[in-house]
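Grab a pencil and work through these short exercises with the viewer open. Each one comes with a worked solution.

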Amino acid sequence: MMWSKTGNWSPSETFYLVNHVPIVGAEETARRLNRKVEEVEAKFEREQQKNCHRAG
C-alpha cells in the first residue's frame, strides 16, 4: 500500500502543480507530489478558476 499525503497544499506544491500538470499530466504530477490523482485534478481546477477570475 502506498502512502499519500492529504490535507493542505503548501505554496511550493501549488506552484509545482500549476506548472507541471499541463506538461506531464495529473497522474505524473500526483506521483511526484505523493498525492492522489483526484486531489491533483481538483486542486488544479480550483487554481485555474482562481486565475480566470483574476484575469477578468
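**Exercise 1.** Work out where K36 is found in this predicted model, and whether it counts as buried, exposed or partly exposed.

*Solution.* Start with the position: K36 lies in the loop that links α2 (26-33) to α3 (37-55). Next, check the accessibility, which comes out at 44% for K36. Buried would need under 20% and exposed over 50%, so K36 counts as partly exposed.

**Exercise 2.** Leave out residues up to four places away in sequence, and find which residues K36 touches.

*Solution.* With those neighbours set aside, K36 touches S4 and A30. Now take S4: it sits 32 residues from K36 along the chain, yet their C-alpha atoms are just 6.6 Å apart.

**Exercise 3.** Look for ring interactions: how many aromatic pairs turn up, and which ring does the charged end of R35 sit over?

*Solution.* Searching the whole structure for aromatic pairs gives 0. Then turn to R35: its charged end sits over the ring of W9, 4.1 Å from the ring centre. The cut-off for that distance is 6 Å.

**Exercise 4.** Zoom out and describe the whole protein: its elements, its burial and its contacts.

*Solution.* Count the elements to get 3 helices and 0 strands, running α-α-α from the N terminus. For burial, 29% of the 56 residues count as buried. On the outside, the protein exposes about 4,200 Å², with 55% of that supplied by carbon and sulfur atoms. Finally, take the contacts with a separation of 6 or more: residues 24 or more positions apart account for 51% of them.

Notes. Residues are numbered from 1 along each chain as its sequence is written. This is a predicted model: local features need pLDDT of at least 70, side-chain atom pairs count only at pLDDT 80 or more; totals for chains, interfaces and linings use all residues. Side-chain values use heavy atoms; hydrogens and water are left out. Helices (H or I, at least four residues) and strands (E, at least two) are DSSP runs, numbered from the N terminus. Buried means under 20% relative accessible area, exposed over 50%, partly exposed in between (1.4 Å probe, protein chains only). Contact means heavy atoms within 4.5 Å. Accessible areas come from the Shrake-Rupley method with a 1.4 Å probe; for residues, only the protein chains shown count as cover. Rings of Phe, Tyr and Trp (its six-membered ring) pair if their centres lie within 6.5 Å; planes under 30 degrees apart count as stacked, over 60 as edge-to-face and the rest as tilted. A charge sits over a ring if NZ of Lys or CZ of Arg is within 6 Å of the ring centre and within 35 degrees of the ring normal.
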